[in-house]
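Thanks for coming, everyone. I have one structure to walk you through today. Let me put it on the screen.

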Amino acid sequence: MVHFTAEEKAAVTSLWSKMNVEEAGGEALGRLLVVYPWTQRFFDSFGNLSSPSAILGNPKVKAHGKKVLTSFGDAIKNMDNLKTTFAKLSELHCDKLHVDPENFKLLGNVMVIILATHFGKEFTPEVQAAWQKLVSAVAIALAHKYH
Amino acid sequence: MGHFTEEDKATITSLWGKLNVEDAGGETLGRLLVVYPWTQRFFDSFGNLSSASAIMGNPKVKAHGKKVLTSLGDAVKNLDDLKGTFAQLSELHCDKLHVDPENFRLLGNVLVTVLAIHFGKEFTPEVQASWQKMVAGVASALSSRYH
């Protein structure tokens, strides 16, 4: 079980509180689809994904991105209990969505990049370390119920 | 071998031209050591790595970071022949330094984060995609002589 120090929790929650979850969600999912184009295969029903501007402007991408990042907010409120928090989502991603868990790591990395572009110097090495730990732990929790 | 389009090359070269290689080098290596602390094992001789500020201020970290990033400058000039460019460094990292190639991917991700911090909104999804392709290409080239 991953253990977060008080400093790490503070670093994570402080940045999270300054984020616009709706915008950041759309940007995170959009960037995933642009930077790692093979991930588009999971979103056949989303319509026009033919170019970066199409992807980033696509309303389904934005809506789904918001959903994904709102769920991340649950992670932040339950950093000591990520496996339980994501148990059902883990089963869903395995049994229904058939998503390779490697993609959770890619999304986590994209989130770190978005935080970096938004917060600049405020995204210090220590803050980055705390967030990298969180996204890794979320990726592991989401993979946990795979069979 | 990853193929870089003309747009990829223009994007990569343009951002590289605006980078202070010395500063970015120290920051990239420093962040690697902070965010992925097990990487410190390769730098026993570097002295004080006991805290994030010790690491980021450590003159050996800065000097070595500059060396590493200067070498990446060679990659930027030789995007169509990364394997040839990094053949000797690949052998060195395998035979002498015994570095697990996974660490090349970690360093690549840290470099992308540093670029995101410095360039903010200018680090668009398309720019990120080109750079992600670049660091993946370099990691692959550095692994190519491993045996």
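Start with one pair of side chains. A:Lys9 forms a salt bridge with A:Asp80. The closest N and O atoms are 2.7 Å apart. Where do the two residues sit? A:Lys9 is in helix α1 of chain A, residues 6-17. A:Asp80 is in the loop between α4 (59-77) and α5 (82-85) of chain A. They are 71 residues apart in sequence, so the pair ties together distant parts of the chain. Over all chains, the structure holds 15 salt bridges.

A word on what you are looking at. This is a predicted model. It scores ipTM 0.85 and pTM 0.90. For chain B, the average pLDDT is 94, and 99% of the residues score at least 70.

Now the chains themselves. UniProt places the feature "domain: Globin" at residues 3-147 of chain A. Over that stretch, chain A is 71% helix and 0% strand. The end C-alpha atoms of the stretch are 25 Å apart. For chain B, an unreviewed UniProt entry lists "domain: Globin" at residues 3-147. Helix there is 71%, strand is 0%, and the end C-alpha atoms are 25 Å apart.

Next, the interface. How many residues of each chain are in contact? On the chain A side, 22; on the chain B side, 23. The area buried between chain A and chain B is about 1800 Å². Carbon and sulfur atoms give 62% of that. Which residues of chain A lose the most area to chain B? They are A:Ile113, A:Pro125 and A:Gln128. Together these three account for 27% of what the chain A side buries.

What about polar links across the interface? Between chain A and chain B the count is 0 salt bridges. Polar contact is another matter: 8 residue pairs, with both residues at pLDDT 80 or more.

Which elements of chain A give two or more residues to the side that touches chain B? Four helices do: α2 (21-35), α3 (52-57), α7 (102-119) and α8 (125-143). α7(A) gives the most, with 7 residues. By residue type, the chain A side divides into 12 nonpolar, 7 polar and 3 charged.

To recap. Within chain A, the salt bridge from A:Lys9 to A:Asp80 joins helix α1 to the loop between α4 and α5. Between the chains, there are 0 salt bridges, but 8 residue pairs are in polar contact. That's my tour. Questions, please.

Technical notes
Residues are numbered from 1 along each chain as its sequence is written. Chains are lettered from A and ligands numbered from 1 in the order in which they are written. Side-chain values use heavy atoms; hydrogens and water are left out. Contact means heavy atoms within 4.5 Å. Buried area is the accessible area (1.4 Å probe) that two parts lose on being put together, summed over both. A salt bridge is a side-chain nitrogen of Lys or Arg within 4 Å of a carboxyl oxygen of Asp or Glu. A polar contact is a pair of N or O atoms within 3.5 Å; within protein, one must be able to donate a hydrogen and the other to accept it, and residues adjacent in sequence count only if both atoms are side-chain atoms. Ala, Val, Leu, Ile, Met, Phe, Trp, Tyr, Cys and Pro count as nonpolar, Asp, Glu, Lys and Arg as charged, and the others, Gly among them, as polar. UniProt positions are given in the numbering used here, feature names are shortened, and annotations may be inferred rather than shown by experiment. pLDDT is the predictor's confidence in each residue, from 0 to 100.
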